[in-house]
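I opened the notebook for a fresh look at this chain. My plan was to start from one residue and work outwards, jotting down each thing as I looked it up.

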Amino acid sequence: MEYQEAKDKFISTWGGSLGTLWGGINKAMAQIQSLLFISTKPLSMEEIMAELKISRGNTSMNLRQLMDWGGIVTKELIPGERKEYFSTEKDVQELARHIAKERSRREIKPVIKVLKDVSSIKDDGTEKTRELIKQTKALHDLAETADAMMNKIVNQEQTWITKSLLKLIK
C-alpha cells in the first residue's frame, strides 16, 4: 500500500468508525481531526477543504466544534501568514484524556443530574414510585461511580492508560 492509499484509508476509517465512537463527533469532524493528526505541520482551512473535499462552511463549523470539544484542535499562529492554521494533539494518551474529560462533561454528568433528580422524587407510598426511585437511584450510583473512576484515571499523569491497564492486570 502506498502513502496516499494508506492516508485515505486511515482518514476514512477514523472518520467513519473510530472517531465517531467518541460521541458527539460527526464524520467530517473526525476526518478533520484525523487529517491534522497525521499531518507534519499545521494546516489552513483551505488545505483541509482541498484534502477532504468538503465545503468552507462545513470545514469552518467543524473546526470550531473541534476547538470547543475540549481543545482537541487548536489554532496556530504562523509568523508572516494571514491565514489561520490548525493542529491537533499528537500524543494519543493526551488525546484520549481530552476525549474522556469532554465525554464526561457532555454526556455522563447531565445523565447523573437527571438520575439524581428523578430518584429524589417524593415517595408517595405506591409500589411504582418506590420502584422508580430504587432503580433510578441504583443507576445514579453506578453512573456516578463510573464517572469518578474515569476522572481518577484521566487525571493521572501522562502514562495513565499504561499504568491503569497494568493495575487491572495485576
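**Entry 1: K101 and its partners.** I asked which residues K101 touches once those up to four places away in sequence are set aside. I found V154 and N155. This is a predicted model, so I read what follows as computed from it. K101 sits in helix α5. I then checked the backbone: the C-alpha atoms of K101 and V154 are 7.2 Å apart, although their positions lie 53 residues apart along the chain. As for exposure, I put K101 down as partly exposed because its relative accessible area is 40%, which falls between the 20% and 50% cut-offs.

**Entry 2: helix α6.** V154 led me to α6, where V154 is one of the buried residues. The others on my list are T129, I133, T136, H140, A143 and D147. I noted a general point beside them: an α-helix has 3.6 residues a turn, so residues three or four places apart point the same way. Next I tested the length of α6, residues 127-154. With 28 residues at 1.5 Å a residue, I expected a span of 40 Å, and the end C-alpha atoms are 40 Å apart, so the two agree.

**Entry 3: D147.** I wanted to know whether D147, an α6 residue, is buried or exposed. D147 counts as buried because its relative accessibility is 5%, and the cut-off for that is under 20%. Leaving out residues up to four places away in sequence, I found D147 touching S104, I108, K109 and I112.

**Entry 4: the nonpolar core.** I turned to the largest nonpolar core, which has 23 residues. Which members touch the most others? They are I32, L36, I48 and L63. The elements giving two or more residues to this core are α1 (3-18), α2 (27-38), α3 (45-52), α4 (56-68) and α5 (92-119). Of these, α2 gives the most, with five residues. I added a general reminder here: in soluble globular proteins, nonpolar side chains tend to be buried together. I then followed L63 on its own. Neighbours within four places in sequence aside, L63 is in contact with I32, L36, M45, I48, V73 and F86.

**Entry 5: α3 against α4.** L63 also turned up where these two helices meet. The α3 side of the contact is M45, E46, I48 and M49, and the α4 side is R56, T59, S60 and L63. I sorted these residues into four nonpolar, two polar and two charged. For the geometry, I noted that the axes come within 10 Å and cross at roughly 115°. The crossing is right-handed.

**Entry 6: K53.** I stopped at the loop between α3 and α4, where K53 is found. Its phi caught my eye: near 55°, a positive value in a residue other than glycine. I marked K53 as exposed because its relative accessibility is 73%, with the cut-off at over 50%.

**Entry 7: the whole chain.** Last, I stepped back and tallied seven helices and three strands. Along the sequence I read the pattern α-α-β-α-α-β-β-α-α-α. Of the 170 residues, 32% are buried. For contacts with a separation of 6 or more, 57% come from residues 24 or more positions apart.

Terms used
Residues are numbered from 1 along each chain as its sequence is written. This is a predicted model: local features need pLDDT of at least 70, side-chain atom pairs count only at pLDDT 80 or more; totals for chains, interfaces and linings use all residues. Side-chain values use heavy atoms; hydrogens and water are left out. A nonpolar core is a set of buried Ala, Val, Leu, Ile, Met, Phe, Trp, Tyr and Cys residues joined through side-chain atoms within 4.5 Å. Buried means under 20% relative accessible area, exposed over 50%, partly exposed in between (1.4 Å probe, protein chains only). Helices (H or I, at least four residues) and strands (E, at least two) are DSSP runs, numbered from the N terminus. Contact means heavy atoms within 4.5 Å. The expected span of a helix is 1.5 Å times one less than its number of residues. Axes are lines fitted to C-alpha atoms, for helices over the stretch in contact, and angles run from 0 to 180 degrees between N-to-C directions. A crossing is left-handed if the near helix is turned anticlockwise from the far one by less than a right angle, and right-handed if clockwise. Ala, Val, Leu, Ile, Met, Phe, Trp, Tyr, Cys and Pro count as nonpolar, Asp, Glu, Lys and Arg as charged, and the others, Gly among them, as polar.
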